[in-house]
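Thanks for coming. I'll take a few minutes to walk through one model, starting with a single residue and then moving outward.

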Amino acid sequence: MQSATSFPTLLASRPHLEILDGLRGVAAVAVVVFHFMEIIIPDSTKNFIGHGYLAVDFFFCLSGFVIAYAYDNRIEEMSFAKFFMLRLIRLHPLILIGTVIGLIEYFFDPFVSLYTIYGAGKTFLLFISSAFLIPYPLVKERYANIYHLNPPTWSLLWEYVASIVYATLLFRLRNKVLWVLTLVAAVMLFYTAYHFKNLAAGWSGETFWGGGARVFFSFLAGMLVYRSQWIVSSRLGLGSVTLLLLLALLSPFSNQLNWITEPLIIIFYFPFLISLGAGAQLSDRLAAVCKFSGDISYPLYIIHYPFIWLFFSYMAAQKPSAGQLSILVPLATIALIVLAYLTLIWLDIPIRRYLKRRLEKA
């Protein structure tokens, strides 16, 4: 394996890569807005953020970069069990919290009662499915998500798969081998986009395998950005790099061209953004903004969807006007950001601290 001890001084001196944290938060907010808008405007060609789902591929690429950055130099010194426990502690408390929120919404949605349709037995299986990442595309009335109680959890399943493959194989491989695998993954990504007509895949029973193709390329590409020291130093700041990310997420949605444009964005543009974000300049006054954005990104992503289901039911029952929605959606997005922060402070951080103490004593 190419030594990772030679990574740039820039990375060595900025252990938290603040601008990348800021971009992660922007991407999470974009996902929330996308989920609201795909209910309001089901026709993605008319949706201003019809490509919001590509934020997940950005997450995967960033994950590959960060995992390699955090563990390449030390993973050989730890057991696989310890590595995986650290990933569980980082990811799983919020998965369980999001599942519980989803179960509450499932029981107490004032506009529809799915429980009366599926009963106690299947409801229990829905909970187990989401809590332990066991695909179970049961609820056909709502698009057969593999985890109905908290649909975004589908991407966390692939995060775990990527982490396991990294810890057992990828960290050992030389960059030349990673390049070959990444080229194979790029071909698979194009095939996936061609097969499904776009890359909004992985979340449902029918598109499940597409999630593997998405993480396969992006995680490897993120690793290569780090391993190959593709850090683009520039005078660009948080605002400029944020606009560049939004250009991808707000790009026009075309049923005829998505199978070409989406893989190109993921293969070339997102790795470039990671390298650009790692080398961009951050003013002291925006450091707190990036920290907050990075802190709330994961809780916002993983707990917001039960409220999207509530919004889905509300839209079907009440049929609000465009004027009402123009007020409701921004307020709901802000409320979800606040809820994500409170969840982080009151639940996620204390739980992770407790689990880490237990792990250190074990």
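Where is the place of Lys-319? Lys-319 sits in the loop between helix 12, residues 305-318, and helix 13, residues 322-361. Before going on, please keep in mind that this is a predicted model.

Now the backbone at that point. The phi angle of Lys-319 is near 50°, which is a positive value in a residue other than glycine. That deserves a remark, because most residues other than glycine have a negative phi. As for its surroundings, Lys-319 has a relative accessibility of 64%, so it counts as exposed, the cut-off being over 50%.

There is another lysine to mention here. Lys-197 also has a positive phi, near 75°. Lys-197 is located in a loop as well, between helix 7 (175-196) and helix 8 (208-227).

Let me step back to the whole chain. How many helices and strands are there in the protein chain? The count is 13 helices and 0 strands. Read from the N terminus, then, every element in the order is α. The radius of gyration is 20 Å, close to the 21 Å that the globule rule gives for 362 residues, so the chain is as compact as a globular protein of that length. Along the principal axes, the C-alpha atoms fill a box of roughly 60 × 50 × 45 Å.

Some totals for the chain. Of its 362 residues, 52% count as buried. The exposed area comes to about 16,500 Å², and carbon and sulfur atoms supply 68% of that. If we take the contacts with a separation of 6 or more, 79% of them are between residues 24 or more positions apart.

Next, one pair of helices. Helix 4, residues 80-108, packs with helix 5, residues 115-132, at an angle of about 175°, and their axes are 10 Å apart. An angle over 145 degrees counts as roughly antiparallel, and therefore that is the term for helix 4 and helix 5. On the helix 4 side, the residues making the contact include His-92, Ile-95, Leu-96 and Thr-99. On the helix 5 side they include Tyr-115, Leu-126, Phe-127 and Ser-130. What kinds of residues make up the contact of helix 4 with helix 5? They divide into 11 nonpolar, 4 polar and no charged.

Let's stay with Ser-130, which lies in helix 5. Is Ser-130 buried or exposed? Its relative accessibility is 0%, so Ser-130 counts as buried. Leaving out residues up to four places away in sequence, Ser-130 touches Ile-95, Thr-99, Tyr-147, Leu-149, Asn-150 and Thr-153.

Further along is Ile-134, in the loop between helix 5 and helix 6 (153-168). At 44% relative accessibility, Ile-134 counts as partly exposed. Apart from neighbours within four places in sequence, Ile-134 is in contact with Ile-128, Ser-129, Ile-146 and Tyr-147. Ser-218 is 84 residues from Ile-134 along the chain, and the C-alpha atoms of the two are separated by 23 Å.

The last residue is Thr-343, in helix 13. Thr-343 has a relative accessibility of 7% and so counts as buried. Which residues does Thr-343 touch, not counting residues up to four places away in sequence? The answer is Leu-94, Ile-97, Ile-303 and Asp-348.

That is where I'll stop.

Terms used:
Residues are numbered from 1 along each chain as its sequence is written. This is a predicted model: local features need pLDDT of at least 70, side-chain atom pairs count only at pLDDT 80 or more; totals for chains, interfaces and linings use all residues. Side-chain values use heavy atoms; hydrogens and water are left out. Axes are lines fitted to C-alpha atoms, for helices over the stretch in contact, and angles run from 0 to 180 degrees between N-to-C directions. Helices (H or I, at least four residues) and strands (E, at least two) are DSSP runs, numbered from the N terminus. Angles under 35 degrees count as roughly parallel, over 145 as roughly antiparallel, 65 to 115 as roughly perpendicular and the rest as oblique. Contact means heavy atoms within 4.5 Å. Ala, Val, Leu, Ile, Met, Phe, Trp, Tyr, Cys and Pro count as nonpolar, Asp, Glu, Lys and Arg as charged, and the others, Gly among them, as polar. The radius of gyration is taken over C-alpha atoms; the globule rule is 2.2 Å times the number of residues to the power 0.38. Buried means under 20% relative accessible area, exposed over 50%, partly exposed in between (1.4 Å probe, protein chains only). Accessible areas come from the Shrake-Rupley method with a 1.4 Å probe; for residues, only the protein chains shown count as cover.
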